[in-house]
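Let's take a walk through a protein model together. Keep the picture open while you read, and look up each residue as it comes along.

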Amino acid sequence: MGKMVDRYKRGIAFSSVSFIGFSVIYLISFTYSLTNVTMRDIQGTIDSGTYRLAIFNTMKFMVIAVPILFVLSFALALLMKQLVNGHKFIYNVLMAVNIFPMIVPSFIVAFVVRIFFEDYGIINGVLTGMGIQGISWLNSRFSFVLLILIYLWKYYGYCVVIFLGGLNSVDSESIEAARLDGAGEFVIALKIAAPQMKKYFSFAVIIEIISVFKVFKESSILFGDYPHSCVYMIQNYMNNCMYSLNYGKLVCAAVIMIAVFITVLLILLFKGNKENKGEFI
């Protein structure tokens with residue numbers, strides 16, 4: 001009992017350093033900035049057409065990109081799971097390929113994308129050679145599709161690793177019993193594996209939602225501070241408020257975004273906690 005208490009004390013002491021740093025750098029300064037927000041700032045933010053566009057684009061991106069990333073990553077994890085036993089070398093190669101996008105700097109990603117998708121890039125060069133008019137990939141509605149592709153490529157590997165961990169935790173006896181009954185791999189994945197992976201699914205969705213806001217780095221480098229209207233996200237709005245010294249609207253937008261994100265996060269956490277019979281994610 002004494003050793004457990006000591007371990008908890010060490011854990012609290014270790015985590016308190018991070019909490020103090022977070023409080024000094026973010027929490028206290030953010031709380032102080034709330035005191036300078038007026039009702040005029042709140043009303044101006046809500047009535048702003050630019051803000052509404054940013055919210056709409058961010059939610060649209062999330063609704064489209066997160067499910068695609070979820071399904072794609074889970075399908076790849078199932079495929080890799082089949083390769084573990086008989087094709088270890090291919091499995092290791094695919095694992096390295098999956099992890100590679102996570103370590104590539106955002107600037108390099110944007111630089112390579114520009115080589116291919118600029119007005120005079122490789123893709124438009126191929127299209128022109130085929131007699132097809134080039135597309136303004138970086139300043140048209142195609143920018144939204146391009147940003148989704150970057151998001152999928154950048155973060156699918158992380159989700160694949162999460163799902164592989166979940167698949168490894170699935171009861172092997174239930175899978176073998178289902179195979180003896182004639183169940184196919186697709187049925188096993190949906191009826192046997194998926195119900196036992198709910199906490200992994202919840203964690204993956206949280207990571208995917210966080211990654212939606214992280215893809216702004218690539219978006220900012222590729223499209224600039226004032227991109228095409230289809231890829232004008234909430235981070236663009238907040239960034240431009242900061243550059244124009246409009247801190248009232250900046251804080252209002254940040255508070256709304258944080259409130260929505262925390263609400264979604266708590267729903268996912270408590271839903272996973274309930275389904276896993278009290279075992280918190």
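## A tyrosine on the inside

Start with Tyr151: its relative accessible area is 0%, so Tyr151 is buried. Keep in mind that you're looking at a predicted model.

Tyr151 has a ring partner further along its own helix. Together, Tyr151 and Tyr155 make a tilted aromatic pair, with 5.8 Å from centre to centre and 55° between the planes. These two tyrosines sit 4 residues apart in helix H7, so about one helical turn separates them. Tyr155 has a relative accessible area of 8%, which is under 20%, so Tyr155 counts as buried too.

## Rings that reach across

What does Tyr151 pair with in helix H3? With Phe61, as it turns out: the two rings are edge-to-face, 5.4 Å centre to centre, with 75° between the planes. Phe61 belongs to helix H3 (residues 49-86) and Tyr151 to helix H7 (residues 142-168), so this pair ties together parts that are 90 residues apart in sequence. Phe61 is buried, with a relative accessible area of 1%.

Zoom out a little and you'll find a cluster: ring pairs link Phe61, Phe144, Tyr151 and Tyr155. Phe144 has a charged visitor as well, since the charged end of Lys60 sits over its ring, 4.5 Å from the centre. In total, the count comes to 11 aromatic pairs.

## Two salt bridges

Now for opposite charges. How many salt bridges does the structure hold? The count is 2.

One of them joins the side chains of Lys154 and Glu218, at 3.9 Å from N to O. Lys154 lies in helix H7 and Glu218 in helix H11 (residues 216-223), so here the tie is between parts 64 residues apart in sequence. Are these charged residues buried or exposed? Lys154 is buried, with a relative accessible area of 6%, and Glu218 is buried as well, at 0%.

The other salt bridge brings together the side chains of Glu118 and Arg114, at 3.0 Å from N to O. Glu118 has 34% relative accessibility and counts as partly exposed. Arg114 is also partly exposed, at 28%.

## A nonpolar patch outside

Next, turn the model to look at its surface. A nonpolar patch there is formed by Phe107, Ile108, Phe111, Val112, Ile115, Phe116, Ile122, Val126, Met130, Ile132 and Ile221, with about 990 Å² of accessible area together.

Which helix gives the most to this patch? That's H5, with 6 residues. Helix H5 (106-117) and helix H6 (122-129) each supply at least two of the patch residues. For a single example, take Ile108, which has its place in helix H5. Its relative accessible area is 38%, so Ile108 counts as partly exposed.

## The whole chain

Finally, step back and take in everything at once. The chain has 13 helices and 0 strands, so reading the elements from the N terminus gives you α every time. Of its 281 residues, 37% count as buried.

What share of the contacts between residues at least 6 apart joins residues at least 24 apart in sequence? For this chain, the share is 71%. As for the outside, the accessible surface comes to about 17,000 Å², and 70% of that belongs to carbon and sulfur atoms.

Technical notes. Residues numbered from 1 in each chain as written. Predicted model: local features only at pLDDT ≥ 70, side-chain atom pairs only at ≥ 80, totals over all residues. Heavy atoms only, no water. Buried < 20%, exposed > 50% of the residue type's maximum accessible area, 1.4 Å probe, protein only. Contact = heavy atoms within 4.5 Å. Areas by Shrake-Rupley, 256 points an atom, 1.4 Å probe, with all protein chains shown as cover. Patch = residues over 30% accessible without salt bridge, like charges linked within 9 Å, V, L, I, M, F, W, Y side chains within 5 Å. Salt bridge = Lys/Arg side-chain N within 4 Å of Asp/Glu carboxyl O. Phe/Tyr/Trp six-rings, centres within 6.5 Å; stacked < 30°, edge-to-face > 60°. Lys NZ or Arg CZ within 6 Å of the ring centre and 35° of its normal.
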